[in-house]
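Dear colleague,

I am passing a structure on to you, and since you have not worked with it before, I have written down what was found in it. Please look at it first and then read the notes below.

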Amino acid sequence: MAKRILIVDDAAFMRMMIKDILSKNGFDVVGEAADGAQAVEKYKEHQPDLVTMDITMPEMDGITALKEIKKLNPNAKVIMCSAMGQQAMVIDAIQAGAKDFIVKPFQADRVIEAIQKSLS
């Protein structure tokens, strides 16, 4: 059965890019969210195998959303997405329980590698 992924990014075109990469590689994108608050709701609704989470978003940022999702499910698998130069935030995210991080602009092989590694 295909692994179920939730994509979280405030930029619709970024969600579309990740969705395209995942769909072409046999993953099932079960939901999308544009901010951290939506991400937590969609996580509850879909119980995905993995979440790709942008760090910088309105309403609730990705690190706060990561912490909320980890409260719901301590075994949740979340990969953070960040732009270059956000190393401090990436460290915060890893300490909060993120499995890995991918840097924008996305390279398809790196996205797939991070997801497969985090799911294994």
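The notes that follow take up the sheet, then the salt bridges, and then a patch on the surface.

Please keep in mind while reading that this is a predicted model.

To begin with the sheet, five strands form an open sheet in the order β2-β1-β3-β4-β5, and their pairing is parallel. The edges are taken by β2 (28-33) and β5 (100-103), each of which has a single partner strand, so one side of each is left without a neighbour in the sheet. Averaged over the sheet and with direction ignored, neighbouring strands are turned by 20° against each other. Within the sheet, strand β3 (residues 50-54) pairs with strand β4 (residues 78-82) in the parallel sense over four bridges, and Met53 has Met80 in β4 as its bridge partner.

Turning to charged side chains, the structure holds ten salt bridges. One of them joins Glu32 and Lys19, whose closest N and O atoms are 3.3 Å apart. Because Glu32 lies in strand β2 and Lys19 in helix α1, this pair ties together parts that are 13 residues apart in sequence. Glu32 counts as partly exposed at 26% relative accessibility, and Lys19 is partly exposed with a relative accessible area of 34%.

Another salt bridge lies within helix α1, where the closest N and O atoms of Asp20 and Lys24 are 3.1 Å apart. These two residues, Asp20 and Lys24, are four residues apart in the helix and are therefore separated by about one helical turn. Asp20 counts as partly exposed at 38% relative accessibility, whereas Lys24, at 66%, counts as exposed.

In helix α5 (residues 108-119), Glu113 and Arg110 are three residues apart, which is about one turn of the helix, and their side chains meet in a salt bridge with an N to O distance of 3.7 Å. Glu113 is partly exposed at 45% relative accessibility, and Arg110 is likewise partly exposed, at 25%. Both residues belong to a network of salt bridges that links Asp100, Arg110, Glu113 and Lys117.

Finally, there is a nonpolar patch on the surface, formed by Phe13, Met16 and Met17, which together have about 330 Å² of accessible area. Of these residues, Met17 lies in helix α1 (residues 12-24) and counts as partly exposed, with 32% relative accessibility.

With best regards

Technical notes
Residues are numbered from 1 along each chain as its sequence is written. This is a predicted model: local features need pLDDT of at least 70, side-chain atom pairs count only at pLDDT 80 or more; totals for chains, interfaces and linings use all residues. Side-chain values use heavy atoms; hydrogens and water are left out. Patches are made of residues with over 30% relative accessible area and no salt bridge: like charges are joined within 9 Å, nonpolar side chains (Val, Leu, Ile, Met, Phe, Trp, Tyr) within 5 Å. Accessible areas come from the Shrake-Rupley method with a 1.4 Å probe; for residues, only the protein chains shown count as cover. A salt bridge is a side-chain nitrogen of Lys or Arg within 4 Å of a carboxyl oxygen of Asp or Glu. Buried means under 20% relative accessible area, exposed over 50%, partly exposed in between (1.4 Å probe, protein chains only). Two strands pair if DSSP finds at least two bridges between them. Axes are lines fitted to C-alpha atoms, for helices over the stretch in contact, and angles run from 0 to 180 degrees between N-to-C directions.
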